[in-house]
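Q: I would like a close look at one helix and what surrounds it. Please go through it step by step, and spell out the cut-offs as you go.

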Amino acid sequence: MSLTRADVEKVSLLGRLRLSEAELDTMTTQLTRVVGYVEQLREVNTDGIQPMAHAVEMHNVFRDDALAPSLPRDAALANAPKRDSECYRVPAVLGE
Amino acid sequence: MSLTAHSAADLLRDLAARKVSSVELVNAYAERIRRLDGQIKAFLHVDFDAALARAKEIDGRRAAGKPVGKLGGLPVAIKDVLCTQGIKTTCASKILQNFVPPYDATVVRKLKEADAVILGKTNMDEFAMGGSTENSAYFKTTNPWDTSRVPGGSSGGAAACLAAGMAPLSIGTDTGGSIRQPAAFCGVTGIKPTYGRVSRYGLVAFASSLDQIGPLGRSAEDCALLLEAIAGHDPRDSTSADLPVPEYAKSVSQPLAGLKLGLVREYFGKGLDSEIEAAVREAVKVYQSLGATVKELSMPHSKYGIATYYIIAPSEASSNLARYDGVHYGYRTDEKAMLDELAAEQKKYEAENNTKKLADLDTPLIRLYRKTRAEGFGPEVKRRIMLGTYTLSAGYYDAYYLKALKVRRLIRQDYDRAFEEVDFLVGPTTPNPAFKLGEKTDDPLAMYLEDLYTVTLNLAGLGGISLPCGFTKSGLPIGLQLQCRPFDEERLLRAAAMYQRATDWHTKRPTIGGKE
């Protein structure tokens, strides 16, 4: 199937990317080709096959519920582009 | 012969015998990096002062008769996708250009505990997405055998620095062939361990169910040394296997008797370069002369490997890379310019009375995310985020992602059946030798198709190695791939070392920089 430019624009919002007009055009062409290629999987009969999400199918790996030191706040905030003494700062979310 | 010409295993013996010091080694490699890296561009970051200080400390300890770790003062290069505390870790992305991790990856911690000396961080495709290292946001690495060609990727810097004699050991990562393919292109040895063999804690995630850290070296023996130092269970990575780590370095020189090799019919089909095919078939004969039996077999789903991989890997990537939001760490777009832009758009749509556009207008926070990511990510990363977001989105999830997960199981079942009959699968690592810089950058799908012999191993979660097995007429290295059962690296390394004792391809060096 072919992706439309509108599809690509919608996906760019879902993926939190802002693409230029030129990028939207290139991306539409390139994604259409790749999606067209991966569609060959349709010819594979997968009736009754369990999906395999992970190479090592482990479940419920538990550890002791013991206290251990975690990353100090200042170290966690050290790489923030904008911060105050205890929080990350972002543009106002709820308006002025 | 200069110091940098020796194998890591030989250097380690000389270090232990105090015939050479770690400081002398660091100086020798630093000299080659200063002389050659302007051309090769394998390193994103080097710190010789720190390396020398560390080497001096290890030498001092050895001189005082105190215990020294398994890597005893050997220098090592680290792909810039592993967190190094206090040392910038960029993933070759602009979005992490100033990121200084507050902690070490488990592999980095283990390397330090083993007394390895970190020389620097190596170049790669941005976030390990690519097969040529051309997707680095900083610069392109060249192939030491022919600097007009790519070193492969995504661990291109990791392989190129070894081939050019700028490091004796190197750490890479492999999500779809990113250790094995550059090892093949650069004429070095590289292992992708079984999923779970090495902790991924502190490895910047690309596709979490496929990513695995592994060693690159100039021989299987060198890889054995490095794998032994980094492998093992880690409570911080719940997917790491709780299994004992064999003494790879000790056992690697023991040959295997009664070896059964599987020759996969599908690996020798259309698209395989004839010189590579000839070299691989010659390597199989070497194994036969060493007593191996060879059985031809079929892996009927291997042809779906690329399609399956290019759904699963981008899907996981689109989710993993959601963390780059310009808030927690890394690059953030100019906030004032972003707010001004948004205000101007609002004004324009109000004037036009365009209610649809007004309703769709991003909130400031959403626009902050979108502009930050648009400016911080390169084209290939954007492409994969888009692809993954699409294949996971409502209405397409079943048709693409879920379908790919089912085919993934069929691919794994092909392997399970094959390994009931043979010990290892043998074949080419890549269909073609190293290509020219720029040759495939305009055609993402053509670039993806080059991964056909490597991606299925990651999908199945098994182990594999690429080792040099010849050269094309034009002098480009050819890689032989062996694939093994889960957690069978010990025998995989022994099988590779057997071949390397019978041949000398792995000892060949490019002419760059003159005779070492």
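A: The answer starts with helix α9 of chain B, then moves to what follows it and to other parts of the chain.

This is a predicted model, in which local features need pLDDT of at least 70 and side-chain atom pairs count only at pLDDT 80 or more, while totals for chains, interfaces and linings use all residues. Residues are numbered from 1 along each chain as its sequence is written, and chains are lettered from A and ligands numbered from 1 in the order in which they are written.

Confidence comes first. Chain B averages a pLDDT of 97, with 100% of the residues at 70 or above; pLDDT is the predictor's confidence in each residue, from 0 to 100. The model scores ipTM 0.95 and pTM 0.97.

Now the helix. α9(B) covers residues 274-289, which is 16 residues. Helices are DSSP runs of H or I with at least four residues, strands are runs of E with at least two, and both are numbered from the N terminus. The expected span is 1.5 Å times one less than the number of residues. For α9(B) that gives 22 Å, and the end C-alpha atoms are 23 Å apart, so the two agree.

Which residues of α9(B) are buried? They are B:Ile276, B:Ala279, B:Val280, B:Ala283 and B:Tyr287. A residue is buried with 20 or more other C-beta atoms within 10 Å of its own, exposed with 12 or fewer, and partly exposed in between; the C-beta atoms are placed from the backbone. These buried residues cover an arc of only 100° around the axis, so they sit on the same side of α9(B). The arc is taken from the directions from the helix axis to the C-beta atoms. An α-helix has 3.6 residues a turn, so residues three or four places apart point the same way. The other side of α9(B) has the exposed residues B:Ser274, B:Lys285 and B:Ser289.

What does the buried side pack against? Its partners are the strands β7 (260-264), β9 (424-428), β10 (463-471) and β11 (477-484), plus helix α18 (489-502), of chain B. Contact means C-beta atoms, placed from the backbone, within 7 Å. Just after α9(B), B:Gly291 has a positive phi of about 105°.

Two of those partners flank a loop. B:Phe487 lies between β11 and α18 of chain B. Its phi is near 60°, positive in a residue other than glycine. Most residues other than glycine have a negative phi, and most peptide bonds are trans. B:Phe487 counts as partly exposed, because it has 18 C-beta neighbours inside 10 Å.

For contrast, look at helix α7 (residues 220-230) of chain B. There, 11 of 11 residues are buried. Just after α7(B), B:Gly232 takes a positive phi of about 130°.

Another loop of chain B runs between β3 (117-122) and α5 (156-163). B:Thr133 is found there. Its phi is near 65°, and B:Thr133 counts as buried because it has 34 C-beta neighbours inside 10 Å. B:Ser148 is in that loop too. B:Ser148 is exposed, because only 11 other C-beta atoms lie within 10 Å. Beyond four places in sequence, B:Ser148 touches B:Lys436 and B:Leu437. B:Ser154 is also found between β3 and α5 of chain B, and a cis peptide bond joins B:Gly153 to B:Ser154, with omega about 5°.

How values were computed
Contact = placed C-beta atoms within 7 Å.
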